[in-house]
Amino acid sequence: MEVDKGAPAQSLIETVNEIASISDYRCTVKKQYCNLARRLKLLTPMFEEIRDMKEVVVSEETVKALVSFREALESAKELLRFGSESSKIYLVLEREQTMNKFLEVTARLEQTLSGISYEELDISDEVKEQVELVLAQFRRAKGRVDLPDVELYEDLSYLYNKNDAATDPAVFRRVVEKLQLAGIGELTQESLALHEMVASSGGDPGASIEKMSMLLKKIKDFVQTENPNMVAPATEKNLVATSSGQTSTDKNCKAPVIPDDFRCPISLELMKDPVIVSTGQTYERSCIEKWLEQGHGTCPKTQQTLSSISLTPNYVLRSLIAQWCEANGIEVPKRPNRPNKTASACSPAERTKIENLLHKLTSANPEDQRSAAGEIRLLAKRNADNRVAIAEAGAIPLLVGLLSTPDSRTQEHAVTALLNLSICEDNKGSIISCGAVPGIVHVLKHGGMEARENAAATLFSLSVVDENKVRIGASGAIPPLVTLLSEGTQRGKKDAATALFNLCIYQGNKGKAVRAGVVSTLMELLTETGGGMVDEALAILAILASHPDGKAAIGAAEAVPVLVEVIGTGSPRNRENAAAVLVHLCSGDPQHMVDAQELGVMDSLLDLSQNGTDRGKRKAAQLLERMNRFIEQQAQAEAEVETETEVEVEAVIEPRPLTQSETQQPQPLSAVNANR
């Protein structure tokens with residue numbers, strides 16, 4: 001049976017190219033991961049020869065073997081990306097888990113590559129020898145593991161488990177040197193890497209990760225002590241200010257913990273005017289402008305060379321920061337007024353390239369459309385000038401037209417290109433006006449998994465504009481987002497959750513989400529062991545609980561036991577959101593208060609009222625006041641019932657005067673019987 005072999009081969013080539021673009025592996029895994037990437041790149045000639053075969057007929061089994069290897073290659077890509085972007089501290093402390101994953105991926109690559117039948121494939125002898133070499137290297141890699149740096153592991157474990165401040169400076173120096181954490185850029189990169197790694201992890205992001213973050217803070221404090229000229233750490237004194245601008249004098253008032261994503265990687269302070277540089281990283285505008293004015297031509301976080309010095313406002317992040325500030329009772333940071341962005345600074349040659357790509361988009365050849373959409377996707381990802389130039393050239397309506405194409409890969413490229421273009425604020429309006437929302441929803445319903453994930457992310461990006469929340473909600477986007485939240489990959493679930501959270505800020509969309517069954521899905525995510533979606537699920541529930549339908553659905557889902565458990569043992573943010581949901585549930589429904597009390601929520605609320613976030617403290621105080629009042633009312637009602645009972649009993653047993661007949665002596669039984 002003749003089966004198409006070109007598509008799997010082309011997909012393998014694209015995946016290897018993506019692997020080749022991954023660089024800057026963390027120092028603790030650099031040698032092994034570089035070797036793995038190098039071996040995989042050696043397989044490209046084989047895939048190219050398979051793709052270009054015209055007359056060779058291959059069996060269905062061989063094509064299945066190619067597909068299996070592609071799946072193994074995807075796992076390798078994710079592993080290598082993790083080794084490039086994850087936390088150095090995590091990689092050392094979780095060395096056993098990291099090594100096991102590496103060995104598992106290597107073994108799977110060797111097994112699936114061995115399963116490809118080269119006899120059926122007309123591959124040149126030179127390429128066959130190269131593939132055999134790679135196979136031999138995979139086999140050797142299974143039995144040979146580089147020994148980890150034991151001293152580094154012991155030093156980090158010592159710092160990780162030590163709570164007091166009296167620590168040998170020599171230990172810190174060794175850790176800083178070996179992990180290459182001596183500069184502010186390296187430290188902030190590690191901070192963001194740790195946060196991102198935890199956010200996308202399927203493991204438990206609880207106490208161990210919290211301790212790793214504290215460990216990083218210790219290392220940073222040590223480095224700053226050793227090098228006082230480094231940029232000072234973020235001060236949070238401005239976050240203790242009240243909404244009127246007056247600084248609180250309460251010594252017990254603790255500033256809320258700023259999410260790492262909201263801090264500028266340079267200053268580590270809450271961003272007021274976040275902007276995106278050409279590498280895709282976000283910084284506070286004044287900080288990155290100062291960095292550029294000092295003559296730096298690289299991205300502070302990634303150390304990549306900046307292809308452009310243009311700065312694009314990150315409206316999505318600014319919106320999230322504003323929501324977080326309002327939720328925590330903090331004055332929303334104000335940014336200076338700035339003129340709108342001018343036209344793109346792309347060169348004539350770059351504009352010509354874009355025009356040629358747009359010409360290919362209109363081609364009747366599906367391969368031309370696919371390759372052009374893929375290149376536009378990458379160009380739009382690269383920098384802000386490209387995003388403006390691509391939109392100016394008229395790409396948006398052409399990409400919108402490709403959202404309904406039957407070619408799944410082209411469809412994925414098109415929706416992802418629109419996602420990247422939507423980063424530019426002006427492009428958001430153009431994408432909406434071109435009627436993109438129905439097409440994006442179509443991809444969300446019927447596309448491949450990655451296309452559905454990126455469609456959800458695009459809807460989130462567009463929904464930052466308030467009027468778009470209404471339009472997207474009316475387009476039928478919410479039910480497929482709920483479906484993706486239920487059945488998607490980890491990344492897909494997070495994309496869906498982010499989009500749903502933003503859409504449900506608009507009151508009219510909350511009922512749509514509830515009717516789409518989001519509450520039952522959120523409850524499953526809350527109780528899923530190791531699911532990694534507790535933060536997102538609680539954040540959405542906290543929004544929905546303010547809607548009557550949402551409140552009823554959450555109550556019907558028997559959420560109280562889960563909420564009580566989170567209030568007692570969850571992270572600060574999750575305790576806060578769980579308390580916020582419980583406040584709404586207990587409003588007007590005393591049974592929920594009874595259930596929560598019986599589950600022992602009072603002690604947890606007392607702790608939250610003293611040690612929680614600012615919003616958490618307020619919610620705990622509301623619940624405590626409401627529950628104490630309910631307890632008092634119960635006690636009063638019971639006292640009234642008891643009093644009424646005593647009165648009734650007294651009325652029954654109170655003595656009364658005897659009648660004359662009752663005072664006479666009782667007659668003998670026989671006499672009584674005789675008188676009958």
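# Legends to the close-up views

**View 1. Q180 and its place in a loop.** With a relative accessibility of 44%, Q180 counts as partly exposed, a class that lies between buried (under 20% relative accessible area) and exposed (over 50%), as found with a 1.4 Å probe and the protein chains only. The residue sits in the loop that joins helix 9 (169–179) to helix 10 (184–199), where helices are DSSP runs of H or I of at least four residues, strands are runs of E of at least two, and both are numbered from the N terminus. Q180 has a positive phi of about 55°, although it is not a glycine; most residues other than glycine have a negative phi. The model shown is predicted, so that local features need pLDDT of at least 70 and side-chain atom pairs count only at pLDDT 80 or more, whereas totals for chains, interfaces and linings use all residues. Residues are numbered from 1 along each chain as its sequence is written, and side-chain values use heavy atoms, with hydrogens and water left out.

**View 2. E558 in the loop between helix 28 and helix 29.** E558 is not a glycine, yet its phi is positive, at about 55°. The loop that holds E558 runs between helix 28 (548–556) and helix 29 (560–569). At 64% relative accessibility, E558 counts as exposed.

**View 3. The three-stranded sheet and the helix across it.** The sheet is open, with its three strands in the order 2-1-3 and antiparallel pairing, two strands being taken as paired if DSSP finds at least two bridges between them. Strand 2 (282–284) and strand 3 (312–313) stand at the edges with a single partner strand each, so one side of each has no neighbour in the sheet. Strand 1 (residues 274–276) pairs with strand 2 in the antiparallel sense over three bridges, and within this pairing P274 stands opposite E284 in strand 2. Helix 12 (residues 285–293) lies across strand 1, strand 2 and strand 3 and runs at about 95° to strand 2; contact means heavy atoms within 4.5 Å, while axes are lines fitted to C-alpha atoms, for helices over the stretch in contact, with angles from 0 to 180 degrees between N-to-C directions.

**View 4. A salt bridge within helix 6.** The side chains of E104 and K101 meet in a salt bridge at 3.9 Å, N to O, the term being used for a side-chain nitrogen of Lys or Arg within 4 Å of a carboxyl oxygen of Asp or Glu. Both E104 and K101 lie in helix 6 (residues 95–114), three residues apart, or about one turn of the helix. An α-helix has 3.6 residues a turn, so residues three or four places apart point the same way. K101 is partly exposed, at 37% relative accessibility.

**View 5. A salt bridge between helix 16 and helix 14.** E392 forms a salt bridge with R351, and the closest N and O atoms are 3.4 Å apart. Since E392 belongs to helix 16 (residues 384–392) and R351 to helix 14 (residues 348–361), the pair ties together parts that are 41 residues apart in sequence. The relative accessibility of E392 is 44%, which counts as partly exposed, and R351 is likewise partly exposed, at 27%.

**View 6. A salt bridge between helix 21 and helix 24.** E453 and R491 form a salt bridge in which the closest N and O atoms are 3.5 Å apart. E453 lies in helix 21 (residues 449–462) and R491 in helix 24 (residues 490–503), so the pair ties together parts that are 38 residues apart in sequence. E453 is buried, at 5% relative accessibility, whereas R491 is partly exposed, at 43%.

**View 7. A network of salt bridges.** E14, R377, R409, E412 and E450 are linked in a network of salt bridges. By the rule used here, the count of salt bridges comes to 28.

**View 8. The buried residues of helix 3.** In helix 3 (residues 44–52), the buried residues are T44, M46, F47 and I50. Seen down the axis of helix 3, these buried residues fall within an arc of 160°, so they line one face of the helix; the arc is that of the directions from the helix axis to the C-beta atoms. Buried residues make up 48% of the 676 residues in the protein.
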